Each structure stands twice: as C-alpha cells, then as structure tokens.
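Please open the model in your viewer, with the sequence panel beside it, and follow the stops below in order.

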Amino acid sequence: MLLLWLASTLLWWAFAFTPLPSEPPEWLSAARHACFGSADNGLPATHGWMLLVLGPASFLLGIVALWGPELPAALARAVRGRAGQCVVAVLALAVAFEGAWVVRKIEAARAVSAWAQAIHDEGTLPADYPRQTAPAPEFALVDQHGATLSLGRLKGRPVVLTFVFAHCQTLCPLVVETLKQASQESDPTSVLLVTLDPWRDTPSTLPGIASQWAVPGAFHVLSSHRVDEVLRVSERYGVTFTRDERTGDIAHPGLVFLIDADGGLAYTFSNPSPAWVREGLRRLGRTHVLAG
C-alpha cells in the first residue's frame with residue numbers, strides 16, 4: 001500500500017509539473033488548470049498546492065494509522081527481493097526527475113517575481129548609470145504588418161529594442177507590459193520586439209502575436225522567413241539563450257536596449273522598470289517619452 005501511495009503521488013505531481021510540449025492538447029491544459037490553477041508566477045494556485053500536498057498527506061496518514069506497526073517489517077521484506085529492489089530504483093529515479101521539474105518551475109517563478117517587482121519599482125535610474133557609445137548593430141526584419149523594417153530607417157528618433165517570444169508564459173509578457181506601461185505620453189518612439197523563436201513565430205503569426213499582447217501602434221513584432229536571419233540579430237546584440245528542442249521552451253535574459261536618434265546603442269537594461277525606460281529616453285534628449 002505504501003508503494004502504491006508513492007506511485008500515485010508521483011503521478012499526481014507529474015500531472016502538475018511535467019513540462020508540456022510546445023503545442024499541448026487543449027484538454028490537457030484545461031485539465032491541469034482546473035485541478036491546480038495558476039498563480040501569476042506560473043506555479044500552481046493556492047488550491048492547487050493544497051491538492052498536491054494535503055491529498056497525498058491524508059492518504060499517508062490513513063496508511064500509517066491502519067498499518068503503522070507493520071510497515072517497517074513489510075518494507076524490509078519488499079526490498080530483499082530483486083523485484084522489490086527494481087521497484088524502489090524506478091521510484092527513486094521518478095522522484096529525481098520530478099524533483100528536477102519542480103525545481104525548474106520554481107526557478108522560473110522566482111524570475112517572474114523579480115520581473116513583477118521591477119515593474120512596480122518606480123525607483124529612479126542612477127545618475128551615473130553608464131551610457132554606451134558603440135553603434136547599434138543594423139538589421140532588417142518583417143513586422144506584423146508584413147512590412148520590412150530596418151533599424152537604419154528609424155534614425156532620427158530613439159528606439160527601444162527587446163527580445164521575446166509568443167509561447168513564453170513567464171518573462172516575455174512582463175517585458176512587453178513594462179514597455180506598455182512606459183508608453184504613456186504623446187511623442188511616439190518605436191518599440192521593436194524581436195522574436196527569439198523564429199521556428200514558430202513566423203511572419204504569418206505576427207499579427208496574432210501583436211493582438212495577443214495588445215501592443216500599441218508604435219510597437220513592431222519582428223521575425224523573418226529565415227530562422228538564421230533572426231538568430232543573427234540576437235547574436236549581434238549579445239542576447240544568449242537556450243532552447244529545449246523537445247518542448248520549445250526558451251530560457252533567456254530580460255534585456256532592453258535603448259538606441260539613440262543617431263543609431264548609437266546608448267543604454268542596456270536588465271529587468272528595467274517603466275520608470276527606468278522613461279528616464280533613459282529622457283536622457284537621450286526627448287522632451288516626451290514612449291507613446292502608443
């Protein structure tokens with residue numbers, strides 16, 4: 001009974017934390033959400049944690065109450081045989097794999113929490129924050145309107161550049177939200193959202209991505225028909241990332257670049273608040289800041 005309890009608990013936690021494929025079946029996503037919910041940081045909601053912890057714990061207490069005195073001797077007999085040892089080894093491996101999935105999920109949640117804190121942190125940009133002088137690497141990609149947009153075409157006004165992707169459920173929506181929150185005045189500055197997932201974020205999908213993020217008119221979601229063209233852009237800006245070939249998940253830094261009116265790479269921010277973005281643009285000589 002104890003081994004059966006452990007196996008069922010592992011299956012229950014696997015249902016909550018197993019990485020889903022890049023395009024999971026709709027019923028699977030709906031079932032997971034119905035059982036465990038989803039907090040803002042991507043972890044299960046409060047009721048989900050209660051089901052994950054209290055459900056198995058209550059069954060374990062029942063087993064101990066009914067067979068407590070017999071459990072030590074029964075376990076010792078079970079692990080003496082070859083079959084019992086194999087079962088224990090399989091369960092130990094399952095615990096290790098699921099532990100890795102849970103740790104990965106918690107690490108992603110911490111990153112999301114850091115972004116959420118940054119979004120609400122209206123502290124001022126330090127006066128001595130370094131301004132760079134190197135030219136911003138040139139590129140030309142396709143936006144959600146089907147037009148080819150080059151960085152050189154935008155000279156004469158500051159540009160905000162970041163790297164995100166549509167299937168991201170953690171950092172990327174917060175990056176976009178940061179820049180949308182910074183878009184509150186009347187002087188438009190172009191905001192370029194270059195995909196890190198050109199395999200799925202193809203030019204034909206960009207209108208849907210722009211709608212998904214509800215981006216203002218000055219925002220351009222960018223990709224290309226050629227994967228290598230998009231990857232070269234991230235490489236030239238030093239945005240390193242890793243991609244899980246099985247699930248399509250991408251781990252990447254939350255970098256935001258401010259490019260001045262002369263095409264110079266002026267500021268590089270990591271996890272900036274809207275206030276930092278607005279102040280950075282003000283320092284580039286603008287009398288206003290981002291606008292939708």
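A residue is called buried when its relative accessible area is under 20%, exposed when the value is over 50%, and partly exposed in between, using a 1.4 Å probe and the protein chains only. This is a predicted model, in which local features need pLDDT of at least 70 and side-chain atom pairs count only at pLDDT 80 or more, while totals for chains, interfaces and linings use all residues. Residues are numbered from 1 along each chain as its sequence is written, and side-chain values use heavy atoms, with hydrogens and water left out.

**Whole chain**

Begin with everything selected and coloured by pLDDT, the predictor's confidence in each residue on a scale from 0 to 100. The mean is 84, and 86% of the residues reach 70 or more. Among the elements, strand S1 (residues 140-142) has the highest mean pLDDT, 97, and helix H5 (residues 82-120) the lowest, 75. Now select residues 287-292, where pLDDT stays under 50. Where pLDDT is low, the predicted coordinates should not be read in detail.

Switch to a cartoon view, which should show nine helices and nine strands; these are DSSP runs numbered from the N terminus, helices being H or I over at least four residues and strands E over at least two. Of the 292 residues, 41% are buried. If contact means heavy atoms within 4.5 Å, then 71% of the contacts between residues at least 6 apart in sequence join residues at least 24 apart.

**Strand S3**

Select residues 159-164, strand S3, in which six of six residues are buried. In a regular strand the side chains alternate between the two faces of the sheet. Here Val-159, Leu-161 and Phe-163 lie on one side and Val-160, Thr-162 and Val-164 on the other, and all of them are buried.

Which strands pair with S3? Two strands count as paired if DSSP finds at least two bridges between them. Add residues 190-195, strand S4, which pairs with S3 in the parallel sense over six bridges, with Val-160 standing opposite Val-191. Then add residues 255-259, strand S8, whose pairing with S3 is antiparallel over four bridges; in S8, Val-256 is the bridge partner of Thr-162.

**Helix H7**

Move to residues 206-213, helix H7, and show the side chains of its buried residues, Leu-206, Ile-209, Ala-210 and Trp-213. Seen down the helix axis, these fall within an arc of 100°, taken from the directions between the axis and the C-beta atoms, so they line one face of H7. Their cover includes S1, S3, helix H6 (171-181), S4 and strand S5 (219-222). Just after H7, Ala-214 takes a positive phi of about 50°.

**Ser-234**

Select Ser-234 in helix H8 (residues 227-236). Ser-234 is buried, at 4% relative accessibility. Leaving out residues up to four places away in sequence, Ser-234 touches Phe-163, Leu-196, Val-239 and Phe-241.

**The cysteines**

Finish with Cys-168 and Cys-172: how far from the sulfur of Cys-168 is the closest cysteine sulfur? That sulfur, in Cys-172, is 3.1 Å away, which is too far for a bond, since a disulfide is a pair of cysteine sulfur atoms within 2.5 Å. The structure holds zero disulfides. Both cysteines can be checked for cover: Cys-168 counts as buried at 6% relative accessibility, and Cys-172 is buried at 0%.
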